[in-house]
Amino acid sequence: MEPEDTLNITRSLLNSMSSLSGGDETLVGDPSSYEALECGMRLGEYVIERPLGSGGMGQVFEARGPGGKRVALKYLERADARLFYRFKQEFRVLAYVTHENLVQLGELVVLPDEATFFTMEIVKGVSFDEYVRGRTPVDRLPNLARLRRALRQLVVGVRHLHRNGCIHRDLKPSNVMVTPDGRVVILDFGLIQDSAAEADAAGLDDQLMGTPAYMSPEQAGMEKAGPAADWYAVGVMLFECLSGRRPFRGSLTHVLLAKREQDPPTLDLPDAPPELVDLCRRLLARDPRQRPDGREILELLGEVADESESADSSMISGRSPFVGRERELATLEQAFDEVQRSEAAVTVHVRGPSGFGKSALVREFLDEVRERHACVLLRGRCLERESVPYKGVDAIVDSLSVHLRSVSEFERAELRPDSAGPLVRLFPVLGEIWAADGAARGGLDPNEIRQRAFVALREVLGKISARRPLAVFVDDFHWGDIDSARLLTELVRPPDPPPLILIIAFRDQVDEFEALQTLLTADALSDRVIREVSVGPLAEHEARKLALELLAGDGKDPVALASQADAYARGAAGSPFFVGQLVRGHGSGDDTGTGGTSLAELDKIVARRI
């Protein structure tokens, strides 16, 4: 190992929690900074019933919600801005990732100056290792039937995360519960990494992130963690279940350094299944490229992997192939060029029915812009199950905080607005970037704080766009709120708006969403530059091409694949989402035949898969 490697690890340990000794603790935050809630306290619509546990990101309670429904409530009272960002990301990254082996999330709630929490299902059971080994002595094998059953579900759940562009980064037995009926549930996504968002997150993680005993060698060296880091953690869990001990033991520093410079010890268990011993050895390879992926692991366990998608390594982007939309892309490119040419703000409304590819269109455009123009991208998504002030802009400001952490201290100081205090008061995630001034703490009424914050955010965006091209993307704005509509309008109003492209994507049903009505009414009355992009059905040849790309690697004869793609293109009625569901349904037994599928039947396919 190189000397600077050791120096990086040592420096990271000093910057992390000095009280850690190398156990199950997660290296993030300081749990002692949280104050315990009392039973009977009310948080919004929820009443605290009893504590369930605590960790590096907060405390978990059983709570009673509307209608008497009991939920697990993960609570973050007051933490630094970075943890506040992580806490919200834990919910937002997984809001639309559902699977029977992942804990089901409820809603995210931010009560200004009071509390931040989100809800999820209550999972009753035991930890992964306790389910497998029980009280078995170290020198005895675990319950192998239970191990195989639980390991298969764990791999399926982790693979589902990876195929949706997510990396857990903190897998360990206490974060994997097994219910009395044998269902494996992965919990605690406080360090979840979204591959799409983290592409802009350079410098966000400047400390060691994870639990030392289960951390991969690349994490121990503060390198970028890919899907293979999660498989390493699974390997540690398998090693521990088979032998009753962990591969590396000792002090925190010893464990982390050993992972970098030593191969794991050989499992000397004559009675253990050789295929599990070999799988464990491969999962614990120091080189992440030598570890098997989820598909291969399932095959080694005797399971048939889902044939409807390509290899796991290509799925980490969490997106399907992109086809067509040349005219829509051209409109977006012209709007971006207009910003650069006129140094004015241009707003683009991207509208269309659900499932027709609005988000995919904008992502494709933004990827091109970032590659060609070194553009600063600030992007966020409104979620239906989120109660957050300025929910249409909050995620954008989170993205802004990530960008500001990635630049030098000198540049951050230059980008600081004149009224940083009100801006931090409205968006606490910026508190670590710029300290709040006295104006934010008192002396101003709420309306004045809000107006000054609007001006400050506009000033920051203006300073950024003066240095580099700037694009702001708000997705699913139909779930936004009226305050966000007014703030977005304020950011780009004449005179002298920041030269940026503001892209707002939403569904066509304007009459059903008050925030959309407010936004579009303000836009219609303004003299701002506004462009419209309507996203309709794919042409049949484009839908056929998409189906062919999704079916690639199926192993069928090309003529049979072409016939299948034709049927899916006709049946999906031009919806990229339904093309994908038909292909996945074909791979999972929901085959629909050779065409003529109605939208109602497609809805049934989706419902069955959910």
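**Close-up 1. Arg 370 and Asp 367 form a salt bridge in helix H12.** In this predicted model, the side chains of Arg 370 and Asp 367 pair up with an N to O distance of 3.8 Å. Both residues sit in helix H12, which spans residues 358-373, and they are three residues apart, so about one helical turn separates them. Arg 370 has a relative accessible area of 26%, which makes it partly exposed. Asp 367 is partly exposed too, at 23% relative accessibility.

**Close-up 2. Arg 528 meets Asp 523 in a salt bridge.** Here the closest N and O atoms are 2.0 Å apart. How accessible is Arg 528, buried or exposed? Arg 528 is buried, its relative accessible area being 12%. Asp 523 also counts as buried, at 5% relative accessibility.

**Close-up 3. A salt bridge joins Arg 291 to Glu 218.** The two side chains come together with an N to O distance of 2.8 Å. Arg 291 belongs to the loop between helix H9 (274-283) and helix H10 (294-300), whereas Glu 218 is part of helix H6 (residues 217-220), so this pair ties together parts that lie 73 residues apart in sequence. Have a look at the surroundings as well: Arg 291 and Glu 218 are both buried.

**Close-up 4. Several charged residues are linked in a salt-bridge network.** Which residues take part in the network? The members are Glu 49, Arg 50, Glu 62, Arg 64 and Arg 70. As a reminder, side chains of opposite charge can pair when their charged atoms come close. For the wider picture, the structure holds 36 salt bridges.

**Close-up 5. The largest nonpolar core contains 118 residues.** Leu 151, Leu 154, Val 393, Phe 427, Leu 430, Trp 434 and Phe 477 are the members that touch the most others in this core. Helix H7 (residues 227-243) supplies the largest share of the core, with 10 residues. Another core lies apart from this one and has 23 residues, including Ala 335, Val 350, Val 362 and Cys 375.

**Close-up 6. Phe 427 and its contacts.** What does Phe 427 touch, once residues up to four places away in sequence are set aside? Its contacts are Tyr 390, Val 393, Asp 394, Val 397 and Leu 487. Phe 427 and Val 393 both appear among the core members that touch the most other members, and here the two are in contact with each other.

Definitions and conventions: Residues are numbered from 1 along each chain as its sequence is written. This is a predicted model: local features need pLDDT of at least 70, side-chain atom pairs count only at pLDDT 80 or more; totals for chains, interfaces and linings use all residues. Side-chain values use heavy atoms; hydrogens and water are left out. A salt bridge is a side-chain nitrogen of Lys or Arg within 4 Å of a carboxyl oxygen of Asp or Glu. Helices (H or I, at least four residues) and strands (E, at least two) are DSSP runs, numbered from the N terminus. Buried means under 20% relative accessible area, exposed over 50%, partly exposed in between (1.4 Å probe, protein chains only). A nonpolar core is a set of buried Ala, Val, Leu, Ile, Met, Phe, Trp, Tyr and Cys residues joined through side-chain atoms within 4.5 Å. Contact means heavy atoms within 4.5 Å.
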